[in-house]
Amino acid sequence: MAELKKILEPRKNRIAILIVGTVSILLIVFWQMGALDSFWPGKELLDKEVTEIKKLQGTLQKELNDAAVLKHRRDLFASQSKDYWVPLRDGKAETEVHKAVEQAARLANLKLSSLGDIRNSKINDGLLMMDLSISSTDSMENTARFLSELYRSSPRFYWQRCTIRPDNLREPKNIVLSGNLKFVLVSDEQSAAFLTGGKK
Amino acid sequence: MLLFSSAEAVALTWDRHGKVCGLRLQKRGGIMSIGNAACCNPAEGEPLSVSLAKVWEKLSPEPESSLLLGGYLPSAVCIEFLMPKLPQAELSNAIAYELPRRLPTPLENLEWHYRITGEICKNGVSFWSCRVFAVQARDWMHMISEIDAAKLQPDMIVSPFMAAQLDGESVSLPGIEDFFEMVHSARGDTLPQMVSSPQAPSAPSITASQEEKYAKLPGWQLLENSLPSDERAKAFVFFHPALLLAEYGLRDCFRRDLKMAIPLPEKFRPLRSKGLKVACLFLSVSALILFMSYTGRAWWDARSRFAALRAEKKNISRQIKKIVEENTKNKQLDLTIKNIYGANPGNPEILQCLHYLSQNIPDGMWVIDFNSTNEKIEMTIKTSGEASDTEFSALAQTPFFSTENIRKRRNSDGSTDIFIRLLYANSKEGEPAAAPPLPPASTGGPKNG
């Protein structure tokens, strides 16, 4: 106690102790209020950051999954590029598609009875479903070859309706083939660019 | 608190009348100052030990202060002579050999010690200038008992003459040594000698330079204040011996001279616990350094971790933003793709379908009509006889079709028409319908009459 009194005796010592004490108290108060967190981050702040990072990682994983799904779909779509008619790449559908069908018939030695005009129906902006009717009467072999050539040709033709029956039930000689062919025309700029330019 | 160096020396002196003067002399930053002073005139018949104890109490010195005692001893004498430069042990023996030639008392009856005051070169040979203090053993023992009674623990008991740094001046100590003074020639070419004082005992000689030197000391006023008003004019005279001793106690040579001093009883040894204090300070400093290191490291780790977490958060946010932007950009194309896949334009796999049917329709049956509309296939199969449902089980078992309906009609000619409705089973939403495996050569067709 006497030592303490001796220390506290000089005025400058008392002032120094007062200043140190005040600064210490202020530091403790600021510390408790969290005002010093940026200077010395506490456990709570660090845990909060870790929690936020985990949340963000979850969001990132979800976005990555979405991106993977989109990429898978785009890759599949890109691999089927030839299945679609892209005017920029394939020309005018109204004339060029007829040529493709006739070419398939020629290769199969099939005589087409009729080949209808191309009609279109809108699926969406930039997407058209093209439709044409077709009929033939020929041998089973030529008909099968024609179907095969048509299968190999581009664009991919879908049979909306297909009827195959013998020309005479009692004494059949030929096969009558009639139906509606459909194909998809892609005129949307982004999709067309994607299909013609490959993967983006 | 003075921990490690005797930056404070306390000197107590007494004169032949038992008047005790004491002062604390402090040295900080090379500057000496008087910390406190006290004086005690003994009451009639009061022993010296009481006065010593009173003055000591008034001074209230630091425990670490060096304590030097000195004063009137009837048989004390100081002499100075040259000795060859010898090692300490040999020098002691040489002085012991020399002393009987210079003092009338046998060495056995003396307590003595010496200090080397300087080095003098004479005719090209260096000598130690040794100042010797000697006192008769009985006087010494009497003084020891007085000091013991005062419960003091001095570092050294010595005559103030031994402490004097003469530098060509003479020193007289009235009251302690009235009839002798220490004389040193102004040129400094001879050794100081204790000679009989030409002045009267009551008229001490004080040189102007000595007074000037001490009067400049901070705290000089304390000396005067410690004296009764009628004695204040003689403050320097009373305190001069104590000033000499205290100043000596603060000089570097004091620690060295302690080794040669007359040994004091063991119980006088001051208990300063310097080792413990050094260890305490060392441990405190080590603890402080460790604490600071730990705190610094903890702070650095927290800051680094916080910075790393912030950077990681920023990085993930940037990645999310980039992927979201990319996904948003691709959403339009994806919508188009979905629309295309969802358009359901019809069945592209007629050829494979026909091939599959030709392989799986039982023998003896003919397809007489084949109709495919979108995902649905309607067939009419003709057979000459009866047809059981098991014969069409192959169609139902394939993963590519599901049999929606089978209907039979018996004709009048004994034949049977079978109407079958099949559905493509594997069309998946969002993607085009998968087809049965493509045959190696696509030349087959339905069995047909």
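Let's start with a strand pair in chain B. Strand 2, residues 20-28, and strand 3 pair in the antiparallel sense over nine bridges. Strands here are DSSP E runs of at least two residues, helices are H or I runs of at least four, and both are numbered from the N terminus. Two strands pair if DSSP finds at least two bridges between them. Within this pair, Gln26(B) stands opposite Ser33(B) of strand 3.

A word on the model. It is predicted, so local features need pLDDT of at least 70, side-chain atom pairs count only at pLDDT 80 or more, and totals for chains, interfaces and linings use all residues. Residues are numbered from 1 along each chain as its sequence is written, while chains are lettered from A and ligands numbered from 1 in the order in which they are written.

Back to the sheet. Which order do its five strands take? In chain B it is 3-2-1-4-8, an open sheet with mixed pairing. Strand 3 (31-40) and strand 8 (156-157) of chain B stand at the edges. Each has a single partner strand, so one side of each is left without a neighbour in the sheet.

Now one residue in that edge strand. Ile34(B) sits in strand 3 of chain B. Is Ile34(B) buried or exposed? It is buried, with 22 other C-beta atoms within 10 Å. The cut-offs: buried takes 20 or more other C-beta atoms within 10 Å of the residue's own, exposed 12 or fewer, partly exposed lies in between, and C-beta atoms are placed from the backbone. Leaving out residues up to four places away in sequence, Ile34(B) touches several others, including Leu23(B), Leu25(B), Trp220(B) and Leu223(B). Contact means that the C-beta atoms, placed from the backbone, lie within 7 Å. The C-alpha atoms of Ile34(B) and Gln221(B) are separated by 8.9 Å, with the two residues 187 apart along the chain.

Chain B has another open sheet to show you. Three strands run in the order 5-7-6, with antiparallel pairing. At the edges stand strand 5 (77-84) and strand 6 (110-122) of chain B. From one strand to the next, the twist averages 25 degrees. Strand 6 of chain B is joined to strand 7, residues 125-136, by twelve bridges. There, His113(B) has Phe133(B) of strand 7 as its bridge partner. Helix 3 of chain B lies across strands 6 and 7, at about 70 degrees to strand 7 of chain B. For such angles, axes are lines fitted to C-alpha atoms, for helices over the stretch in contact, and angles run from 0 to 180 degrees between N-to-C directions.

After helix 3, look at Lys151(B). It is found in the loop between helix 3 (137-149) and strand 8 of chain B. Its phi is near 60 degrees, a positive value in a residue other than glycine. Lys151(B) counts as exposed, with 11 C-beta neighbours inside 10 Å.

On to chain A. Its secondary structure comes to seven helices and five strands. From the N terminus, the elements run α-α-α-α-α-β-β-β-α-β-β-α. Of its 200 residues, 24% are buried.

Two loops of chain A deserve a look. Asn109(A), between helix 5 (93-107) and strand 1 (112-115), has a positive phi near 55 degrees. Then there is Pro155(A), in the loop between helix 6 and strand 4 of chain A. The peptide bond from Ser154(A) to Pro155(A) is cis, with omega near 0 degrees. Most residues other than glycine have a negative phi, and most peptide bonds are trans.

Last, how the chains meet. How many residues of chain A are in contact with chain B? The count is 52, against 46 residues of chain B. Helix 3 of chain A gives the most to its side, with 17 residues. By class, that side has 29 nonpolar, ten polar and 13 charged residues. Ala, Val, Leu, Ile, Met, Phe, Trp, Tyr, Cys and Pro count as nonpolar, Asp, Glu, Lys and Arg as charged, and the others, Gly among them, as polar.

Strands pair across the chains too. Strand 4 of chain A and strand 12 (residues 365-373) of chain B run antiparallel, joined by four bridges. One partnership there is Ile164(A) with Phe370(B).

Helices meet as well. The axes of helix 7 of chain A and helix 9 (residues 274-342) of chain B come within 9 Å and cross at roughly 85 degrees. Gln190(A), Ser191(A) and Phe194(A) meet Gln332(B), Leu333(B) and Thr336(B) there. This contact has two nonpolar, four polar and no charged residues.

Note on methods. Contact = placed C-beta atoms within 7 Å.
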